[in-house]
Amino acid sequence: MASAILGYIKNTENLRSIEIKVEEFINISKSLGYEICDVVSQYETKLNSAYLFGKGKVEEIKKKAKMLNCETFLVYNSLSTIQKINLENTLNLKVLDYNDLILEIFDKNAGDKVSKLQIELATLHRLIPYIKKKISKSVFRDRPGPRSLGEYAYHNVLRQLISRRKRIKEEIQYYKELKIKEVEKRKEKGYKVVSLCGFYNAGKTSLFNSLTNLKKAVSDIPFTTLSSKYSLISSYRNSFMLVDTIGFAFDLNPFIIDSFDLTLMDIKNSDLILLVIDASDGLRMLEEKIKANLEILELLQIDKKILQPVLNKVDLVDKADLVEKLNLVNSFFLVKDIPFVSSKDKFNIDYLLDVVNQRLF
Ligand SMILES: Nc1nc2c(ncn2[C@@H]2O[C@H](COP(=O)(O)OP(=O)(O)OP(=O)(O)O)[C@@H](O)[C@H]2O)c(=O)[nH]1
Ligand SMILES: [Mg+2]
């Protein structure tokens with residue numbers, strides 16, 4: 001287990017939500033095997049473009065890391081390439097931001113080729129500028145005389161990475177065209193498409209399994225599902241295609257969302273989106289997760305009219321709490337019915353199917 005110090009910046013914009021988001025960040029870090037030794041934060045009044053954190057805070061982190069014997073500094077906020085390099089050089093620690101951790105967990109969970117390609121593309125999106133900056137800034141600069149062997153090696157790696165990125169983009173484009181054909185075929189057959197969307201761990205795959213009697217992988221590790229799963233469902237005299245999709249998370253950087261464009265095509269081509277909400281979350285967490293879900297769906301240009309919220313895991317919630325949570329969810333959506341289900345106990349699944357049928361046909 002790698003021991004780590006975790007840091008984040010508070011500002012007027014994120015003040016209300018940052019602690020909730022950091023709570024989730026700690027869960028993600030732990031699921032990747034990091035042991036969090038300490039958490040440091042700084043209220044930002046003026047952005048430090050060189051280190052993100054102020055000089056004094058960086059010194060404090062350095063001292064703490066030495067004292068606690070930590071080898072990693074995890075940062076919730078996105079770091080620019082230069083901030084990452086400066087922090088690495090000053091702290092002498094491995095420095096990873098939220099995006100790095102998300103990519104690490106994706107990489108760990110990816111089983112299929114397309115997911116792997118998309119993750120590699122997102123990783124290269126970060127790595128190429130990092131290597132470029134290293135070359136321009138680095139050690140080699142202060143060496144007199146002809147360019148060092150090390151610099152040539154870096155340039156070589158850079159060239160290889162750039163050509164790898166080009167090949168990956170072409171390969172993804174090939175799969176994208178296949179996907180477009182699949183979507184067209186589905187439309188020709190007249191199938192409506194219903195997607196299960198929502199935060200990781202909300203229970204999308206559990207609900208998919210309950211609705212289809214399949215046994216797709218379920219776990220409390222974030223981002224268990226990376227590639228979409230499909231199943232045709234026949235209820236009453238109608239059929240529709242149910243799609244289980246990749247989970248959302250707080251503050252997903254647009255470059256990560258863009259890299260998963262192919263996977264997200266399933267969501268974009270839906271006739272109805274079941275937005276699965278974890279009813280076992282506390283009210284504040286629930287509210288922040290709904291906001292994050294809606295932000296991502298807006299970014300994907302999804303029409304709010306096709307959203308159908310579903311509260312899942314109600315087996316973990318008592319009645320009074322459930323009423324309060326239903327009211328909260330209600331305040332965000334334009335629908336009158338909000339089905340509450342337990343995928344685990346298969347509770348209210350038929351009712352959910354009724355709602356889907358009413359909305360589709
Ligand atoms: N008690 C209870 N637990 C549930 C229920 N639905 C899902 N879970 C649990 O919640 C965790 C996450 O479930 P998944 O179905 O994998 O969640 P997901 O939304 O598909 O997650 P990702 O694939 O990571 O996006 C698992 O440990 C499930 O057993 C439910 O109705 N009740
Ligand atoms: Mg899943």
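These exercises, each with a worked solution, deal with a predicted model.

**Exercise 1. The surroundings of ligand 1**

Task: State how many residues surround ligand 1, which are the closest, and how the shell divides by class.

Solution.
- Step 1. Count the shell. Ligand 1 is surrounded by 24 residues.
- Step 2. Name the closest ones. They are Lys204, Thr205, Ser206, Thr224 and Asp315.
- Step 3. Sort by class. Eleven residues of the shell are polar, eight are nonpolar and five are charged.
- Step 4. Look for the main contributor. Helix H7, residues 204–212, gives the largest share of the shell, with three residues.

**Exercise 2. Polar contacts of ligand 1**

Task: Find what asparagine 201, serine 206 and threonine 225 each place beside an oxygen atom of ligand 1, then say how much of the ligand's area the protein covers.

Solution.
- Step 1. Take asparagine 201. A backbone N or O atom of this residue is 2.9 Å from a ligand 1 oxygen.
- Step 2. Take serine 206. Here the side chain supplies the N or O atom, at 2.6 Å from an oxygen atom of ligand 1.
- Step 3. Take threonine 225. A polar backbone atom of threonine 225 lies 2.8 Å from an oxygen atom of the ligand.
- Step 4. Turn to coverage. On its own, ligand 1 has 660 Å² of accessible area, and the protein covers 88% of that.

**Exercise 3. The magnesium ion**

Task: Which protein atoms are donors to the magnesium ion, ligand 2, and are their residues buried or exposed?

Solution.
- Step 1. List the donors. They are OG1 of Thr205 and OG1 of Thr225, lying 2.0 Å from the ion.
- Step 2. Place them in the fold. Threonine 205 sits in helix H7, while threonine 225 belongs to the loop between H7 and strand E6 (229–235), so the pair ties together parts that are 20 residues apart in sequence.
- Step 3. Check burial. The relative accessible area is 8% for threonine 205, which is buried. For threonine 225 the value is 10%, and this residue is buried too.
- Step 4. Link back to ligand 1. Thr205 is also among the residues closest to ligand 1. Threonine 225 has a backbone contact with that ligand.

**Exercise 4. Two cysteines, no bond**

Task: Why do cysteine 37 and cysteine 70 form no disulfide?

Solution.
- Step 1. Recall the bond. A disulfide joins the sulfur atoms of two cysteines covalently.
- Step 2. Find the partner. The cysteine sulfur closest to that of cysteine 37 is in cysteine 70, at 3.3 Å. Seen from cysteine 70, the closest is that of cysteine 37.
- Step 3. Apply the cut-off. A disulfide needs sulfur atoms within 2.5 Å. The 3.3 Å separation is therefore too far for a bond.
- Step 4. Compare with the whole structure. The search finds zero disulfides.
- Step 5. Add the setting. Cysteine 37 is partly exposed, at 29% relative accessible area, whereas cysteine 70 is buried, at 8%.

**Exercise 5. Side chains that reach backbone oxygens**

Task: Which backbone oxygens do the side chains of threonine 212 and serine 259 approach, and in which helices do these two residues lie?

Solution.
- Step 1. Start with threonine 212. This residue is found in helix H7. Its side chain reaches the backbone oxygen of phenylalanine 208 at 2.7 Å.
- Step 2. Check burial. Threonine 212 is buried, with 15% relative accessibility.
- Step 3. Move to serine 259. This residue is in helix H8, residues 254–259. A polar atom of its side chain is 2.6 Å from the backbone oxygen of phenylalanine 255.
- Step 4. Check burial again. Serine 259 is buried, with a relative accessible area of 8%.

**Exercise 6. Positive phi angles**

Task: Locate aspartate 251 and lysine 313, and give the phi of each.

Solution.
- Step 1. Recall the background. A negative phi is what most residues other than glycine have.
- Step 2. Take aspartate 251. Its phi is positive, about 45 degrees, although it is not a glycine. Aspartate 251 is in the loop between strand E7 (238–244) and H8. At 37% relative accessible area, aspartate 251 is partly exposed.
- Step 3. Take lysine 313. Its phi is positive, about 65 degrees, and it is not a glycine. The loop between strand E9 (307–312) and helix H11 (319–330) holds lysine 313. Lysine 313 counts as partly exposed, at 22%.

Conventions: Residues are numbered from 1 along each chain as its sequence is written. Chains are lettered from A and ligands numbered from 1 in the order in which they are written. This is a predicted model: local features need pLDDT of at least 70, side-chain atom pairs count only at pLDDT 80 or more; totals for chains, interfaces and linings use all residues. Side-chain values use heavy atoms; hydrogens and water are left out. A residue is near a molecule or strand if one of its heavy atoms lies within 4 Å of it. A polar contact is a pair of N or O atoms within 3.5 Å; within protein, one must be able to donate a hydrogen and the other to accept it, and residues adjacent in sequence count only if both atoms are side-chain atoms. Accessible areas come from the Shrake-Rupley method with a 1.4 Å probe; for residues, only the protein chains shown count as cover. Helices (H or I, at least four residues) and strands (E, at least two) are DSSP runs, numbered from the N terminus. Ala, Val, Leu, Ile, Met, Phe, Trp, Tyr, Cys and Pro count as nonpolar, Asp, Glu, Lys and Arg as charged, and the others, Gly among them, as polar. Buried means under 20% relative accessible area, exposed over 50%, partly exposed in between (1.4 Å probe, protein chains only). Donors are N, O and S atoms within 2.8 Å of the metal (3.2 Å for Na, K and Ca); water is not among the atoms, so sites may look incomplete.
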